[in-house]
Amino acid sequence: MAKYYCILFDADNTLLDFDAAENKALAETLVEYGIEPDAGTVQTYRDINSELWRQLEKGQIRRDKLMGERFTRFLKAINAAGDGVEMNRCYLDHLSSHPDLMTPNVPDVLGELSEVATLAVVTNGFEKVQSRRVAESGIGAYLEDVFVSEKLDSEKPSRRIFDSALRALGVENREHVLVVGDSLTSDIQGGVNAGLDTCWFNPGHAENPGKVSPTYEIASLEELYPLVMEPEELANLGLKHRRHQL
């Protein structure tokens with residue numbers, strides 16, 4: 001039996017390329033509102049948005065506050081007129097239409113892992129956005145379920161979202177669960193809070209400040225194979241219809 005028979009993946013910048021999707025959606029939204037999407041303007045939005053998400057992760061604001069505030073603050077910062085709440089709705093519509101993958105081989109990796117483990121996504125974000133992006137990217141075919149913070153009313157790094165996911169999946173033994181994600185403060189800290197082994201997906205080889213210690217660190221998703229699979233399973237990479245552990 002493989003060491004891990006349940007893998008909980010983050011979505012954005014782990015399986016799906018959020019940066020690419022955000023670039024496209026933000027540019028489309030700004031143009032729609034008659035605002036030039038130049039580098040300075042885009043950075044202004046990102047700074048405001050990042051700070052609000054940090055506050056959300058710390059439990060300092062609620063999700064509806066973030067949705068209502070980020071474009072309201074952005075419009076004020078660039079001295080532009082508009083309804084921030086409506087602009088946020090427009091942005092989410094555009095964002096949901098961009099299911100960019102992190103790399104073209106993500107479905108192949110998930111296909112291999114799904115032969116030996118139950119896979120699911122646990123993601124912060126908005127239900128209609130994340131569910132559509134997962135579905136249209138094609139990766140949903142390899143996932144048992146997609147757990148979105150908005151629907152579960154709990155954000156990573158709270159253990160509650162992981163607890164809810166594991167209950168829904170029928171997984172009781174946490175020793176055989178691995179959390180994979182790109183964010184130390186959200187994914188990895190959340191996994192630690194839930195008593196789970198963690199794997200930091202760090203393709204850019206960023207430095208770890210040391211406040212959060214993942215069980216493993218990888219630069220490519222293929223590096224999960226030897227962490228998850230037994231030697232005989234590794235030898236059978238590429239062969240289909242291997243029964244995964246339940």
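## Residue F18 and the predicted chain around it

F18 counts as buried because its relative accessibility is 18%, and buried means under 20%. The model in which this residue is seen is a predicted one.

F18 belongs to helix α1, which covers residues 18–32. Leaving aside residues up to four places away in sequence, F18 touches D12, N13, Y91, L95 and R133. I218 stands 200 residues from F18 along the chain, and the C-alpha atoms of these two residues are separated by 19 Å.

The view now widens to the whole protein chain. Its secondary structure comprises 11 helices and six strands. Among contacts with a separation of 6 or more, 67% join residues that are 24 or more positions apart.

The overall dimensions can be checked against a simple rule. A compact globule of 246 residues would have a radius of gyration near 18 Å, and the protein chain has 19 Å, so the two values agree. Along the principal axes, the C-alpha atoms fill a box of roughly 60 × 35 × 35 Å.

The table gathers values for burial, surface and charge.

| Property of the protein chain | Value |
|---|---|
| Residues that count as buried | 50% of 246 residues |
| Exposed area | about 11,500 Å² |
| Share of the exposed area from carbon and sulfur atoms | 49% |
| Distance between the mean positions of positive and negative charges | 6 Å |

The charges behind the last row are 25 positive and 41 negative. Which residue discussed above is part of the buried share? F18 is one such residue, with a relative accessibility of 18%.

How values were computed. Residues are numbered from 1 along each chain as its sequence is written. This is a predicted model: local features need pLDDT of at least 70, side-chain atom pairs count only at pLDDT 80 or more; totals for chains, interfaces and linings use all residues. Side-chain values use heavy atoms; hydrogens and water are left out. Helices (H or I, at least four residues) and strands (E, at least two) are DSSP runs, numbered from the N terminus. The radius of gyration is taken over C-alpha atoms; the globule rule is 2.2 Å times the number of residues to the power 0.38. Buried means under 20% relative accessible area, exposed over 50%, partly exposed in between (1.4 Å probe, protein chains only). Contact means heavy atoms within 4.5 Å. Accessible areas come from the Shrake-Rupley method with a 1.4 Å probe; for residues, only the protein chains shown count as cover. Lys and Arg count as positive and Asp and Glu as negative; His and the chain ends are not counted. The place of a charge is taken as NZ of Lys, CZ of Arg, CG of Asp or CD of Glu.
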